[in-house]
Amino acid sequence: MALTVGLRPLTRALLRPWARVPGAALGRPAAGSGDGVRCFGSPRVLVEPDPAAGVAVMKMRNPPVNSLSLEFLTELLISLEKLENDKTFRGIIITSDCPGIFSAGLDLLEMYGRDPAHCAEYWKAVQELWLRVYLSNLVVIGAINGISPAGGCLLSLSCDYRVLANNPKYAIGLNETLLGIIAPFWFKDVLVNTIGHRAAERALQLGFLFPPSDALQVGIVDQVVPEDQVQSTARSVMAQWLAIPDHARQLTKNLVRKPTADRLLQQRDADIQNFVRFISRDSIQKSLHVYLEKLKQKKG
Ligand SMILES: CCCCC/C=C/C(=O)SCCNC(=O)CCNC(=O)[C@H](O)C(C)(C)COP(=O)(O)OP(=O)(O)OC[C@H]1O[C@@H](n2cnc3c(N)ncnc32)[C@H](O)[C@@H]1OP(=O)(O)O
């Protein structure tokens, strides 16, 4: 059975992309961009453009934990598409507006107690975000200012360069096994590409969440800096990357990343069907239930 899920109906119906950001952000001049340039975005994604530098800072703000819900994924995709299509921008910095959290990863509530059609639509959006970030023509730098498990780690790994704030609470890794679920092959591929086969084998099976010093040592991030220097470091790194002619850098990036992306592109529908089958299993739903309860109990 061919799946015919797509983002479009949800996306277009739910969102008014590029509406000015409500509240304080509305019309606020973007940091470092002079007084003429305004922030823009959507409810969950704040974009601070710096046209002079050719850079936009994309701040994720889906409180409390920037979990990647379908609506949030959709807004991220719209922002990314918009930036990609605007010749003003050559690079983006992805960071978080939620204190202490980069992203808690995929939204468990999109996978728990949902019907197969919803799960399929959700998974397609997850695939879409990964492909867009991973294959972006823009330089993508992750300014990781918080914890970044599972899907949050995948988003980080899909950037061209990762700067992590030096706070022992800001662990990063693919911890899916701790939830009783399995990182899909393309999550695994990106981790293997980043830290090597043996380190990935251990990290994936044991669901490692690396604190900053270990993350740097294993190579899951490129740099660890004091928390108040994450953004400025991301900016300086961006300047280095933007010193390279775009066409040469983009073709090289494509050369390196395309084979990994192609593995998914060649079997996207099958991957969606696998996900839906897997996540719909009673045993997996039970694991998710237990994990969600644990998260709740942690509070009480
Ligand atoms: C084939 C299947 C493949 C699937 C691949 C899966 C990839 C994934 O990304 S799965 C998600 C993995 N994520 C995690 O394991 C992180 C879970 N969350 C946490 O560990 C913590 O919430 C935290 C460390 C990120 C933040 O801790 P804290 O600041 O103490 O906040 P709370 O734990 O109290 O959380 C607040 C609120 O948010 C809910 N929540 C947290 N994470 C998620 C999530 N990933 N999805 C949905 N909801 C999440 C949490 O339950 C709390 O809700 P309320 O109790 O209703 O306030």
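Student: What makes the ligand nitrogen atom and the backbone atom of Leu108 a polar contact?
Tutor: A polar contact is a pair of N or O atoms within 3.5 Å; within protein, one must be able to donate a hydrogen and the other to accept it, and residues adjacent in sequence count only if both atoms are side-chain atoms. The nitrogen is 2.9 Å from a polar backbone atom of Leu108, so the pair meets the cut-off. The model is predicted: local features need pLDDT of at least 70 and side-chain atom pairs 80 or more, while totals for chains, interfaces and linings use all residues. Residues are numbered from 1 along each chain as its sequence is written, and side-chain values use heavy atoms, without hydrogens and water.

Student: Which residues have polar atoms 2.7 Å and 2.6 Å from ligand oxygen atoms?
Tutor: Leu106 offers a polar backbone atom at 2.7 Å. Lys298 offers a side-chain N or O atom at 2.6 Å. The protein covers 78% of the 1,100 Å² of accessible area that the ligand has on its own (Shrake-Rupley method, 1.4 Å probe).

Student: What makes a residue part of the shell around the ligand?
Tutor: One of its heavy atoms must lie within 4 Å of the ligand. 26 residues surround the ligand, and Ala104, Leu106, Tyr291, Lys298 and Lys299 are the closest. By class, 18 are nonpolar, 4 polar and 4 charged. Helix α11 gives the largest share, 4 residues.

Student: Why are Trp130 and Tyr134 called stacked?
Tutor: Rings of Phe, Tyr and Trp (its six-membered ring) pair if their centres lie within 6.5 Å; planes under 30 degrees apart count as stacked, over 60 as edge-to-face and the rest as tilted. The search finds 8 aromatic pairs in the whole structure. For Trp130 and Tyr134, the centres are 4.9 Å apart and the planes are at 25°, so the pair is stacked. Both residues lie in helix α3 (residues 116-134), 4 residues apart, about one turn.

Student: How do you know that the bond between Pro63 and Pro64 is cis?
Tutor: Its omega is about 10°. Most peptide bonds are trans. Pro64 lies in the loop between β3 (55-60) and α2 (70-85).

Student: What is the phi of Asn66?
Tutor: It is near 50°, a positive value in a residue other than glycine. Most such residues have a negative phi. Asn66 also lies in the loop between β3 and α2.

Technical notes. Helix = DSSP H or I, 4+ residues; strand = E, 2+ residues; numbered from the N terminus. Nonpolar A, V, L, I, M, F, W, Y, C, P; charged D, E, K, R; others polar.
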